[in-house]
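Subject: Structure for your review

Dear colleague,

Please find below the structure I am handing over to you. I would be grateful if you could look through it alongside the notes that follow it.

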Amino acid sequence: MPSTHELRLVSWNVNGLRAVMKKDPSFTDVVAACDADVFAVQETKLQEGQIELDLPGYHQTWSYAERKGYSGTAVFSREEPLQVINHIGAPEADNEGRVCALEFPGYWFVDVYTPNAQNELARIDTRLAWDACYREFLVGLAKQKPVVTCGDFNVAHNEIDLKNPGPNRGNAGFSDEERESFTRLLDAGFTDTFRARHPDLTGAYSWWSYRFNARKNNAGWRIDYFLVSNDVADRVTGASILSEVYGSDHCPVELTIEL
């Protein structure tokens, strides 16, 4: 077994990387301030060659959607990955740049941007098919070495994970189907690190609508997660939501773990 050390891992749905680059602080400022070993992003909304990021000390791994200005993930890591996987064999959403899986000597790191079920659950079948495929993919990786997966899972798992559970019951992101599907992912051998560390903490959210002063009023949802294989859950040393970081309708989430 390779020797372990504490890793700082950060995940952020930037809702358009080019837009966040123009804000103050810019994306590169946020990355520098976080000083993470691995920094994962979702919803880059980029094609290859549309941006040049200067991130000294980081290897850049990108997964682009075929559709322009849509979806997309990327991972910036201090360590060069042994291999990268961008497709999981999902039936409908596998060409949308939704996965960036990097193998490192001691673990798999998987960045995901889960399909949104959309208004009135118009895309729920695609979403649930994706969830099943993603669960199978992670279980397969976990047979090789421990898995850390992060990103925008587009679901608030329990009532504690959103400000207004009652009115949102059955809506995209809080439907029974999506919540049950997330439970099945955890039951397949994974731990929700933030909730494991903070089982009763209320008001802890990672996404807020741009409408109705939602962020100012902290009327949010916790839909961004770090999950880890159960067999390394006891190595987690910290799990945080970086709600002081602006620039997107999401804020980053952070994990520290001995791997």
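The notes below deal with a sheet, a helix and a pocket.

Please bear in mind that this is a predicted model.

The sheet is open and consists of 6 strands, arranged in the order β5-β6-β7-β8-β12-β9, with mixed pairing. Its edges are formed by β5 (83-85) and β9 (190-192), each of which pairs on one side only. On average, and with direction ignored, neighbouring strands of this sheet are turned by 20° against each other.

At the β5 edge, the partner is β6 (residues 99-103); β5 and β6 run antiparallel and are joined by 3 bridges. Within this pair, Ile-85 is placed opposite Ala-101 of β6.

Helix α3 (residues 124-142) packs on the sheet and touches β5, β6, β7 (108-113), β8 (147-152), β9 and β12 (224-229). The direction of α3 makes about 170° with that of β7.

Turning to the pocket, the largest one holds about 880 Å³ of space. Its lining comprises 37 residues, and those closest to the pocket centre are Asn-116, Asn-154, Ala-172, Trp-207 and Ser-209. By class, the lining has 16 polar, 12 nonpolar and 9 charged residues. Two strands, β10 (207-208) and β11 (220-221), each contribute at least two residues to this lining. Trp-207, listed above among the residues closest to the centre, falls within the range of β10.

With kind regards

Notes. Residues numbered from 1 in each chain as written. Predicted model: local features only at pLDDT ≥ 70, side-chain atom pairs only at ≥ 80, totals over all residues. Heavy atoms only, no water. 1 Å grid on protein atoms, 1.4 Å probe; cavity = no way out; pocket = protein on both sides within 12 Å on 5 of 7 lines; lining within 4 Å. Points joined across faces, edges and corners; volume = space filled by probe spheres on them. Helix = DSSP H or I, 4+ residues; strand = E, 2+ residues; numbered from the N terminus. Nonpolar A, V, L, I, M, F, W, Y, C, P; charged D, E, K, R; others polar. Pairing = 2+ DSSP bridges. Axes fitted to C-alpha atoms, helices over the stretch in contact; angles between N-to-C directions. Contact = heavy atoms within 4.5 Å.
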